[in-house]
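Open the model in your viewer and keep the selection box at hand. The stops below say what to pick and what to look for.

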Amino acid sequence: MEPVDILIQDTETMKALDELRSRIFTKVASFDVLYAPSKEPVSYIDHERLEYRKIYKGMTWASLYDAAWFKLDVDIPEEVRNKDLIAHIDIGGEGLVYDREKTIDPIGAVTLNTSKIDYYQALVAKTYVDIPIPCPSHLSWDIDAGYNGYYNKLCGHGIFKKADILIQDKEGKDFFYDYLTISCLMCAQNYDEGLRKLLRESIKASYISFSEGRAVLAPLFNGTLDESLTITAVGHSHLDLAWLWPVRETKRKAQRTFTFQLRNIGKYDSYIYGASQPQQFEFIKQNNKELYKRIKEKVLSGNLETQGAMWVEADNNVPSGEALIRQIIIGQRFWRDEFGKTQKICWLPDVFGYNGNLLQILKKCEVPYFLTIKLSWNEHNHFPSRSFVWRGVDSSEILVHMPPAETYNAAASPLCAKATKDNYPELNLCDKALMLYGIGDGGGGPSEVQIEMGLRQKSLANSPKVKFGRAEDFFLELENDRAKLPTYSGELYLEKHQGTYTTQAFNKKANRRCELGLQCVEALYARNDISSYPYDEINELWKRVLFLQFHDILPGSSIHRVYEESRVEYEEILKQINELENRVLESSSKEKYAYNPSPFEREYDIKLDGKWYSAILPPLGSSKLIEKASFDENSNISVSFNEDGSISSFKAFDKEFKKGFLNKLCVYDDPKLHYNAWDIDWEYYKKTPIVLKADSVKDINDGPVRGKRISYKFSKSEITQDVVTNSHSNAIYFHTKVSWHEEDKMLRAEFEPAVFSDEVLCDIQDGVIKRTTKNETLIEKAQFEICFQKWASVNSDGFAFALLNDSKYGLRAKDGVLSLNLLRSPTYPDMSADRGMHEFTYAILPCRDDDMGQIVKYAHNLNRLPIIYNSQDSLESLVYISSDTLVCDTVKLSEDKKGRVVRVYEAIGQSVKASIEVSFKYDKVFECNLIENDRKAVDLSNLTFGPCEIKTFYFE
């Protein structure tokens, strides 16, 4: 139950509020309204060319995602021009309001997207536009409108309701918000009868005058506070960059949101509005320079707080470590260039879990604070803290606050203040908390009702003090209590939304290809003179990839149109990456070379024009391809198959690695839960799956490749797998093509190896984490699906069994089985999610557990495929590291464009000593943090890495 529900159930109070509303406003005129509909938005410059027609109350002007322009004209009666007037506009959708007689700078915004409390303000939702005093004799307004469904419901139509001019009784409205605030206080104090009596008395007195009614309640607003807690309230509008609307609508929503919040800033002196995501600001800068100019003024004056160090509020499970670093580098660069400062808070209120190495990334990016809400969504175990110190896999620590009201859309009422206190386990250690209030998800942020109630709680009797403030200032105050706060170690695992590791498989594969492709391009150009480095091109490509990592795009939880458009965008990005590769590699020679973008050496085979070629490729270097007529058998492993194509034996090191089955393809029921694209039934595995049986099995014997081509049919879907080994590889590869046309089903590949243990080691962002494979406690059971990056491994008796992938992230590691989630088929919010063709590869690899570097090497080599090009010379290794458990993940131009940067991380969770050599010339080398500050001299021949440590080296 939301706090406001307690108020709504009080029928006596609801009746009084409705009666009060009827006494505040008096209609004095109505606009004449014309409209011009369109399927897609029409620009401000072009809207005058449209053909307009008359619209009346009750007429439909739009279906889902349609647009329109409205023309509103009204003569204002002379006798009311000096009155307090307001325009009440309900177009049945969202709109940005312009004064036709003025500039392109909008004067207001309207929307019906609301939270519950907005239904109980003086005018419902954001349907009001201020009118200056004195009012001109005639108003001529235009509205750029769109219909995006009712709040979180993809249905209905845009239906025009009204466009009226009202006189508002300012004192009456003030009394209304006094009454509403005390009503919430009464409910927060368990329907205090003394307060109810005062409310009745105030209503009676208000019929004499509204000021009389206010006088009855006035002492409560200067009462004795509950001094156990002070709440810093920040106006907020969590605007999803895509979700239940297309990206083009996000750009318009951003303009509406900021326009409305600039109105609030202008009206309320103490009001602070906070906005995260530089991408939003850049959208506005590109599309409405006048509005952006006003935004910038308010940022610099301090009334508009920029929040969040990342370019967008990115998913934290699927993006790579380097991508998260770039989210911060590029995000902070925007804040610094535009506003002269950087952000101290990682602002991710709605992201679906937080990897265990995020802390190190934040700390080494000079971001000391972290905010989220999402862990309050846990379904099985209550997260123990709201203010705490978070310790990561490398022992880095940062300060975290989770606003105890457990929402980023708080109503800012006394009920919310009570919820903040009641839900704050650290209250005895810390007397301060944060409240984020407003309407998110495209709703435009705080409305009048939240601000008015917030202002009335500075000294509200027997209630915590609420003050408007800045989130950064709150964290600086919280820092004083840091030593008293509890510590939480490990990842912040969200016990919900585990389906987001798998849904929309194309995006997940394309994202990984883009991440690694950009890192490949950077390393290639870093070999040459830095003056030729295409910094701006690469930077723009990174920004496009980072945008698509927003937490409702990459996780797979947006509408179909978002994925139609993101597919085109990914394909264009990959095309440009390929062009950059060709530009730096190709020559007029006809000799074939292979460039290895992996930081590990590899033996490489490829078939070109019917012939096999091979080469030993150095890390981040190239070699000439040599034609090879024959290949030796792989004596390191032994693989045999049953007649149905299933693996009957897998031996290495004189050990059998198959226990029960390897690569059992299973189709599970995946019932539609409330959050369909997001969630998997946590007990899905208790239902017997359909185990696929081979439809046909064919031998593969081609050069170095041996194995089986196995075809399966299930319902409307077909699967073909090449299950193969290579003459010089110890892995079994599963090259997979799927034509997937199911609904509410989930395809998984399952392995029961002879090696298993109580822990599974999982590759995460620039590090590794150990997770339990036990399934006894509620915490263990809740981790029924975990997220990993390129590999996961179980170890026992001196051996390891690893599962590798090129684009799959969801894994169940319980009951002796590794179950890799390959595909899902939800129907909401995308009715056709993942239907169609898919290609991907996963692999299994045995090794000794004292040689875990082999797993790291194989995983990177699987993901970073060589590039074939024409040349006449090989490229020596760009970076060589003496340890195989250290990964050279990035080589690029430095951010100051004066040197090169090499980034290396420890991959298996163990301390290691190593040396690093580079083939490019340099004068000096320094170790620095991730954003290339804090440079210190370093000896590359004598380096020590702690477990999961990321080191960055700046070469001058």
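Is aspartate 481 buried or exposed? Its relative accessibility is 8%, so aspartate 481 counts as buried; the cut-off for buried is under 20% relative accessible area. Keep in mind throughout that this is a predicted model.

**Stop 1: two loop residues**

Stay on aspartate 481. The residue sits in the loop between α13 (471-478) and β22 (487-489). Now show its surroundings. Leaving aside residues up to four places away in sequence, aspartate 481 touches Leu429, Cys430 and Lys432.

Next, select cysteine 365. Look for it in the loop between α10 (358-364) and β17 (369-371). At 1% relative accessibility, cysteine 365 also counts as buried. What does cysteine 365 touch, not counting residues up to four places away in sequence? The contacts are Ile325, Ile328, Leu930 and Ile931. Add glutamate 932 to the selection. Its C-alpha atom lies 8.5 Å from that of cysteine 365, although 567 residues separate the two along the chain.

**Stop 2: helix α14 and its two partners**

Select residues 505-526, which form helix α14. Then add helix α15, residues 535-547. The two axes are 11 Å apart, and the helices pack at an angle of about 165°. That angle is over 145 degrees, which makes α14 roughly antiparallel to α15. The crossing of α14 past α15 is left-handed.

Show side chains at this contact. From α14, pick Asn511, Cys514, Glu515, Leu518, Gln519, Val521 and Glu522. They meet Ile538, Leu541, Trp542 and Val545 in α15. By class, the contact residues divide into seven nonpolar, two polar and two charged.

Hide α15 and bring up helix α16, residues 560-585. Here the axes of α14 and α16 come within 10 Å and cross at roughly 20°. How do α14 and α16 run, roughly parallel or roughly antiparallel to each other? Angles under 35 degrees count as roughly parallel, and α14 and α16 are therefore roughly parallel. Again α14 passes its partner, α16, in a left-handed crossing. The residues of this contact comprise 16 nonpolar, four polar and five charged.

**Stop 3: strand β12**

Jump to residues 162-168, strand β12. Five of its seven residues are buried, so β12 is largely enclosed by the rest of the structure.

Two pairings are worth displaying. Strand β1, residues 25-30, runs antiparallel to β12 and is joined to it by five bridges. To find the register, select lysine 27: it stands opposite leucine 166 in β12. Strand β6, residues 85-90, also runs antiparallel to β12, with six bridges between them. Here aspartate 90 stands opposite lysine 162 in β12. With the backbone shown, recall that strands of a sheet pair through backbone hydrogen bonds, either parallel or antiparallel.

**Stop 4: two three-stranded sheets**

Select β26, β23 and β46. Taken in that order, they make an open sheet of three strands with antiparallel pairing. Which strands are at the edge? They are β26 (621-624) and β46 (867-870), each pairing on one side only. From one strand to the next, the twist averages 30°. Zoom in on β23, residues 592-596, which pairs with β26 over four bridges in the antiparallel sense. Asparagine 596 has glycine 621 in β26 as its bridge partner.

Move on to the second sheet. It is open too, with three strands in the order β28-β29-β30 and antiparallel pairing. Its edge strands are β28 (637-641) and β30 (655-656), which each pair on one side only. Strand β29, residues 647-652, pairs with β30 over two bridges, in the antiparallel sense. Click alanine 652 and lysine 655: the latter, in β30, is the bridge partner of the former.

**Stop 5: a hairpin**

Finish with strand β38, residues 759-764, and strand β39, residues 767-772. They pair in the antiparallel sense over six bridges. Valine 760 stands opposite arginine 771 in β39. How many residues lie between the strands of this hairpin? There are two. Select aspartate 766 and check the backbone torsions: phi is positive, near 55°.

Terms used
Residues numbered from 1 in each chain as written. Predicted model: local features only at pLDDT ≥ 70, side-chain atom pairs only at ≥ 80, totals over all residues. Heavy atoms only, no water. Axes fitted to C-alpha atoms, helices over the stretch in contact; angles between N-to-C directions. Parallel < 35°, antiparallel > 145°, perpendicular 65-115°, else oblique. Left-handed = near helix turned anticlockwise from the far one by under 90°. Nonpolar A, V, L, I, M, F, W, Y, C, P; charged D, E, K, R; others polar. Pairing = 2+ DSSP bridges. Contact = heavy atoms within 4.5 Å. Buried < 20%, exposed > 50% of the residue type's maximum accessible area, 1.4 Å probe, protein only.
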